[in-house]
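Visitor: Could you take me through the pockets and the surface of this protein?

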Amino acid sequence: MKKIAVLTSGGDAPGMNAAIRAIVRTGIDAGMDVYGVRQGYAGLIAGDFVYLSRRDVGGIMHTGGTMLGSARCDEFRTLEGRQKAIDALCKQGIEALVVIGGNGSQAGAYDLWQMGYPVVGVASTIDNDLEGSDVTIGVDTAINVALEAIDRLKVTAASHRRAFLVEVMGRKCGYVALVSGIAGGAEVVVISEREVAPEEVARELRAAYERGKNHALVVVAEGAQNNAQKLIQHFEADEGAIGFGLRATILGHVQRGANPTSADRLLATRLGHGAVRALARGERGVLIGLRGDHLASTPLGEIVGRQKPLDLSLFELARIMAQ
């Protein structure tokens with residue numbers, strides 16, 4: 001194999017650049033020419049390729065986002081659009097594609113594989129909802145950004161005897177919220193996998209107030225039915241029900257924009273390196289992820305359309321630690 005390409009797709013995740021760097025340098029070390037695809041699947045259809053040398057990926061490992069860009073592409077959802085993408089790859093003489101991204105991105109990779117084009121995926125999403133990897137690129141950074149915010153909010157909360165709702169990203173997966181809540185010492189964690197009614201939130205906050213605590217914290221997943229906005233609306237009419245004054249902070253995309261932690265830089269480097277090695281071994285149509293402390297290949301067909309289940313024993317741990 002002499003020519004490969006790499007693209008990033010879907011939501012950006014801290015560590016994507018480290019993965020690109022690893023793919024380029026591992027590919028060159030194996031005697032391959034490596035091309036980047038700008039703007040995800042949209043760039044693939046347009047044939048927007050750029051040759052990448054070792055120096056082109058120097059100085060990017062510590063940066064957030066993706067140097068290649070990412071974009072939504074409705075055209076790629078069509079058979080005609082995917083055929084255009086394959087034609088563009090073949091015209092450039094590119095023999096295989098590495099796709100860095102989450103569920104939607106890997107579904108696109110699987111579609112190309114089903115049409116006969118060689119692909120390998122790299123597990124990357126801050127949501128950590130992708131089957132095939134215990135942890136995905138960007139998760140550790142997203143949690144640490146949330147924790148930094150939580151720690152700062154607890155300081156001001158204690159000063160004013162308040163409770164804070166902190167909403168974190170993660171779409172329909174509550175992993176980031178649950179881990180952030182445990183590590184941040186939250187009184188309540190609200191996730192879609194274990195919905196908590198406003199009345200239950202009120203009981204826990206009131207109990208914390210009556211135990212003499214001078215502040216309280218609720219960590220809420222953005223995908224929960226009772227997200228931060230709905231909880232605030234519920235308690236606006238009767239703040240006395242919880243004892244504390246209540247404020248909300250929605251972290252949103254700030255969790256994506258951070259520089260990657262050392263854990264994400266290392267994970268991205270290992271997965272990017274592993275993806276090129278997998279292609280060199282002749283593996284196709286697989287996702288490269290981390291199982292335990294070892295890289296693992298999982299067929300894309302076993303990943304597409306699924307969400308990795310959340311370990312709800314962590315929810316019980318959060319409950320006990322909040323007492």
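Guide: What follows covers two pockets and one surface patch. The model is predicted, so local features need pLDDT of at least 70 and side-chain atom pairs pLDDT 80 or more, while totals for chains, interfaces and linings use all residues. Residues are numbered from 1 along each chain, and side-chain values use heavy atoms, without hydrogens or water.

Visitor: What volume does the largest pocket have?

Guide: The largest pocket has about 660 Å³. A pocket is an open set of points on a 1 Å grid where a 1.4 Å probe fits, with protein on both sides within 12 Å along at least five of seven lines; lining residues have an atom within 4 Å of a point.

Visitor: Which residues lie nearest its centre?

Guide: Of 27 lining residues, Ser9, Gly10, Arg72, Gly104 and Ser105 do.

Visitor: Which helix gives the most to that lining?

Guide: Helix H4 (residues 103-114), with six residues. Helices are DSSP runs of H or I, at least four residues long.

Visitor: And the second largest pocket, what is its volume?

Guide: About 200 Å³. Among its 14 lining residues, Glu187, Glu200, Glu204, Phe315 and Arg319 are closest to the centre. H10 supplies the largest share of this lining, four residues.

Visitor: Changing topic, is Ile320 buried or exposed?

Guide: Ile320 counts as partly exposed because its relative accessibility is 41%, and the partly exposed class lies between buried (under 20%) and exposed (over 50%), with a 1.4 Å probe and protein chains only. Ile320 belongs to helix H10 (residues 313-321).

Terms used: Helix = DSSP H or I, 4+ residues; strand = E, 2+ residues; numbered from the N terminus. Points joined across faces, edges and corners; volume = space filled by probe spheres on them.
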